[in-house]
Amino acid sequence: MAIRLEEFVGIAPRRRRPFTLGEWVDRGTVFSWLMMAPPILFILAFVGYPFCYGIFLSLEDRPVAHAGTFIGIGNFIKEAHDPVFWQVVRNTFVYTGVATLLKMVGGLGLALAMNQDFKFKNIIRALLLLPFIVPTVLSTVAWMWMLDPAFSVVNRLLIGIGVSPPGPSWLGNPALAMFSIIMINTWRGLPFYGITLLAGLQTVPPELYEAATIDGASGWHRFRFVTLPLLKPIILIVTLFSVIFTFADFQLVYVLTHGGPNNATNLFATYAFDLSMGAGQLGLGASVALAMLPALGLLIVALTLYMRKS
Amino acid sequence: MVTGYGRLEQTVRVWLPVGFFLVVALFPFYWMTITSIKPDSELYNRHLMPLLVHNPTLKHYIDLLTQTHFLLWTWNTMLVAIVSTGISLVLGVMLAYPLARMRFAGAGLIAMTVAAIYLVPQPLLFIPLADVINRLDLGNTLTAVILTYPTMLVPFCAWLLLGYFKTVPKELEEAARIDGASRLQTMRRIFLPLCTPGFISAGIFAFTLSQNEFLYALIFLTRSSVRTVPVGVIAELIRGDVFYWGQLMAGALLGSIPVAIIYSFFVEHYVAGLTSGSVKG
């Protein structure tokens, strides 16, 4: 009598179980992909497809409500010779750079001021975040009224302290208009920096400050050599976030100046909007919007990789 | 922390900077409020002290509610915000749960792609999307914005929830699996009920973002009866060069109130989401 191999090594022959759909679905990989399929299909349809279609549009001469003709990189060549386009590039970089710097410095100041012991701290923190949560368009309208050429409250207060009437034309003068949109963007974005950095500050162990103090570090040195290095990762992430969304800002400028006076505040997004929705040149507009991609893509990849690492 | 300052020093160190930030942050809201209750005769009189209201009136509010579609815009805004937040939370969970709990090939790549898409700003996509919406014949319908808002909200909710899901211990789910529950049952009955705080954070954020959205609404909604508050206020209360400042400020204030109320109830969740969404990642 021969011993069957399976009995000898101690494994029973695997019984073929009836294969059910439920079991198949319950496998980890199958379950995952089935679960993720609807959101992935949605994103492919409404982000992936428009993105590719946008690239295609940028290579077309496409007046609105007409069929397009393929013109290769014609739109991009046109832009390279368009002085307004280069002004838009400069404006966007100035706007993003200055506003980001102001938000960073001001946000750090706000976080340091809030990281002390005092009464009503939670209520004050909630109030300070208001500019960030109120719909941008609505608060921007309030700023527009505050900077109104005839009845600006800012100017009336300035005149009250001795500035000669009628006071500066905040949105009518090219340089001042840029200054104004930068300040309002800063007003709106600063609380985000401040509250995020405050959360970072609160994770700094007090022992570190005590140790530094015992070692004779002054207030500035404690800030420079203890606080800043520990906050660096948070500052970096918040800054990248803010740069990405300031770079592609639309609402604030559209409401306040429409890109004027004389394109002095026109940014990529508002210029692309003017060309496509205003002048009806979808192809040219799409190519201006895509011109944001090199800088924006770089920032997005950098931030994604950094978030993944940390 | 040691608080050994004197009273005066405390005042200078704390209240001077905090007071400054508070005044700057809140002055526009103060100005909005008092403008909305000033009669026109006061608004456009340069000889009166501007910071006070001399003869308060509700005229601007009454005009806003009776002469424009403001109530309808508010309804549209709420409807769009609630539906697109709901859709985005459901799709976000479907994306985040497998990424947080399962090991499968491609998971890392998908998580990265989700994060990257979350960072893609609308101005990059609005022109082709406008064409897509036109071809689907959805112009001037709320469906247009209900479908497009989740393009930014789904990756956002998924990313925020992914971070939250990873902080929830696995033991309960493992126990349920051993007891014979399917993966779907485990997720629905055991896991999701544990995640309410995460849903509240993501939900409030998504709701706030929907209320704040302007570009898609501006392009897709050109008929007054389908507009949302931001677009309605900008497009219809500014007529040519004529500004109805009293009504504009009344509209801006009323339009901010829903977000402000929800925010005030859940401010801790909001701050938690703010700091975890961007910081912890």
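**Helix packing between chains A and B**

Reader: Which residues of α8(A) meet α13(B)?
Author: Leu138(A), Val141(A), Ala142(A) and Trp145(A) in α8(A) meet Trp245(B), Leu248(B), Met249(B), Ala252(B), Gly255(B) and Ser256(B) in α13(B). Contact requires C-beta atoms, placed from the backbone, within 7 Å. Helices are DSSP runs (H or I, at least four residues), numbered from the N terminus.

Reader: What classes are in that contact?
Author: The contact of α8(A) with α13(B) has 8 nonpolar, 2 polar and no charged residues. Ala, Val, Leu, Ile, Met, Phe, Trp, Tyr, Cys and Pro count as nonpolar, Asp, Glu, Lys and Arg as charged, and the others, Gly among them, as polar.

Reader: Is this predicted, and what are the conventions?
Author: This is a predicted model: local features need pLDDT of at least 70, side-chain atom pairs count only at pLDDT 80 or more, and totals for chains, interfaces and linings use all residues. Residues are numbered from 1 along each chain as its sequence is written, while chains are lettered from A and ligands numbered from 1 in the order in which they are written.Reader: How many residues of chain A are in contact with chain B?
Author: 82 residues of chain A are in contact with 75 of chain B. Helix α3 (residues 28-58) of chain A gives the most to that side, with 17 residues.

Reader: And what is the confidence of chain B?
Author: Chain B has a mean pLDDT (the predictor's confidence in each residue, from 0 to 100) of 87, and 95% of its residues reach 70 or more. Helix α14 (residues 267-280) of chain B is lowest in that chain, at a mean of 65. The model scores ipTM 0.88 and pTM 0.88.

How values were computed: Residues are numbered from 1 along each chain as its sequence is written. Chains are lettered from A and ligands numbered from 1 in the order in which they are written. Two residues are in contact if their C-beta atoms, placed from the backbone, lie within 7 Å. Helices (H or I, at least four residues) and strands (E, at least two) are DSSP runs, numbered from the N terminus.
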